[in-house]
Structures are given as C-alpha cells and as structure tokens.
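Visitor: Could you take me through one part of this model closely, and then set that part in the context of the chain?

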Amino acid sequence: MDRTHLDHASQDINLNSPNKGQLSAGMSDVPVTDGAVAAERPMPPVGLTESEEEELKHELLKVEEEISTLRQVLSAKERHASEIKQKLGLTTLNELKQNLTKGWQDVQKSTAYKKTQETLSQAGQKTSAALTSVGSAISKTLGGMRNSTTFKSFEDTVENLKVKVIGGKETESGELHSPGETENTPSQDKAPF
C-alpha cells in the first residue's frame with residue numbers, strides 16, 4: 001500500500017467527522033463483495049425525500065459544530081477556573097478539606113447527630129459513675145484485707161523470706177539492714193515488702 005492510501009484511511013477514523021460511517025475517496029477502489037458495502041450512495045431513509053435528507057444532514061452538521069464549539073468554550077472556562085484557583089491557593093486537597101469540614105458541620109447540626117451525642121454523653125456519665133463506685137468498693141476491700149490476719153501473716157512470711165534471702169539482721173527498732181549497712185546508715189527501704 002502506498003502512503004496516500006493510508007492517509008485517506010486514517011481520516012475516516014475521526015469520530016467527530018461529518019463523514020463518519022462513509023467510505024473515503026481513497027477507499028473507493030476497495031472491491032465490494034456480496035453487496036455488504038454499497039459503492040454507491042445509500043438510499044435515503046424511507047419516508048424522506050432527498051431534499052429533506054439534505055436539510056437534516058445540514059442541520060446535523062450545524063449541531064455537531066455547535067457541540068464542538070461548546071466543548072472548546074467549556075475547556076477554556078475550566079482552564080480559567082483552574083488558573084483562578086491556583087492564584088487563590090486553592091488546591092484539590094484544600095477543596096477536599098473544605099468540603100469535608102462543611103460536611104462535618106452539616107452532620108453536627110443534624111437532629112440525629114445531636115440526639116446520638118446526648119445519648120452517648122449520658123451513657124458516658126453513667127459508666128463513669130459506675131466505675132467510680134467499683135473503684136471505691138475495690139479500694140475499701142483491699143484496705144480491709146490489709147488489716148486482716150491473713151494478710152498480716154502473709155506480710156510476715158514475705159518479711160522472713162526477705163531476711164533469709166538478703167541475709168539482713170534486725171535492729172532494736174525492728175528495721176532490717178543488709179550486711180553492708182551499718183546501724184547509723186538509714187535504711188532506704190521502709191516498705192513492708
């Protein structure tokens with residue numbers, strides 16, 4: 001195939017062409033088989049005269065030109081809007097942030113959100129009160145256990161074990177000292193454990 005034949009064939013690919021669906025001049029030498037492609041001009045649709053068909057084709061051409069013009073105008077307007085946004089420092093991310101902020105504010109103003117917030121606030125207050133009372137009960141129980149004979153016995157056992165492991169000795173005041181400490185050196189560990 002020669003180069004001019006390829007150029008003519010590629011022109012038919014343009015989807016905005018008013019000749020789309022028609023054979024180009026370079027394609028007229030393609031053989032037609034079984035009547036699949038008519039080499040002649042197709043018959044006008046049933047019920048239309050040739051003049052009506054020409055008028056409709058002319059109107060279609062005008063509409064397609066208007067569509068093309070509108071696309072160009074829209075593209076120019078979008079570029080202009082983009083330039084203005086860039087000058088204002090409005091990026092896509094900033095627009096998204098603004099939209100999310102506005103959306104969140106709208107949600108917070110809704111009745112459903114306010115009711116849910118009140119319910120959760122009340123539940124939080126009740127939970128806090130319940131945990132405070134449980135904490136008080138546990139604190140009282142542990143305080144009572146510390147004064148019990150079982151706890152005191154356990155405390156004495158741990159103290160004796162400490163003496164055996166560390167090897168400390170008791171002074172007259174009842175404090176334990178490790179072997180390296182003298183009686184004048186104050187004990188750093190005054191806890192019962």
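Guide: In this predicted model, Met 145 counts as partly exposed, because its relative accessibility is 44% and that class lies between the buried limit of 20% and the exposed limit of 50%. Met 145 belongs to helix 4, which covers residues 111-146. On the surface, Met 145 joins Val 134, Ile 138 and Leu 142 in a nonpolar patch, and the four residues together offer about 370 Å² of accessible area. A general point on helix geometry applies here: with 3.6 residues a turn, residues three or four places apart in an α-helix point the same way.

The next element along the chain is helix 5, residues 149-166. Its 18 residues should span 26 Å at 1.5 Å a residue, and the end C-alpha atoms are 26 Å apart, so the expected and modelled spans agree. Just after helix 5, Gly 167 adopts a positive phi of about 85°.

As for the wider setting, the chain contains five helices and two strands, arranged along the sequence as α-α-α-α-α-β-β. Of its 193 residues, 6% count as buried. The accessible surface of the chain is about 16700 Å², with 58% of it belonging to carbon and sulfur atoms. Among contacts between residues at least 6 apart in sequence, 22% join residues at least 24 apart.

Confidence varies along the chain: the mean pLDDT is highest in helix 2 (residues 50-88), at 94, and lowest in helix 1 (residues 3-11), at 43. Over residues 1-12 the pLDDT is below 50, and this stretch has ten contacts in the model beyond near neighbours in sequence. The chain averages a pLDDT of 75, with 63% of the residues scoring at least 70.

Notes. Residues numbered from 1 in each chain as written. Predicted model: local features only at pLDDT ≥ 70, side-chain atom pairs only at ≥ 80, totals over all residues. Heavy atoms only, no water. Patch = residues over 30% accessible without salt bridge, like charges linked within 9 Å, V, L, I, M, F, W, Y side chains within 5 Å. Areas by Shrake-Rupley, 256 points an atom, 1.4 Å probe, with all protein chains shown as cover. Salt bridge = Lys/Arg side-chain N within 4 Å of Asp/Glu carboxyl O. Helix = DSSP H or I, 4+ residues; strand = E, 2+ residues; numbered from the N terminus. Buried < 20%, exposed > 50% of the residue type's maximum accessible area, 1.4 Å probe, protein only. Expected span 1.5 Å × (residues − 1). pLDDT = per-residue confidence, 0-100. Contact = heavy atoms within 4.5 Å.
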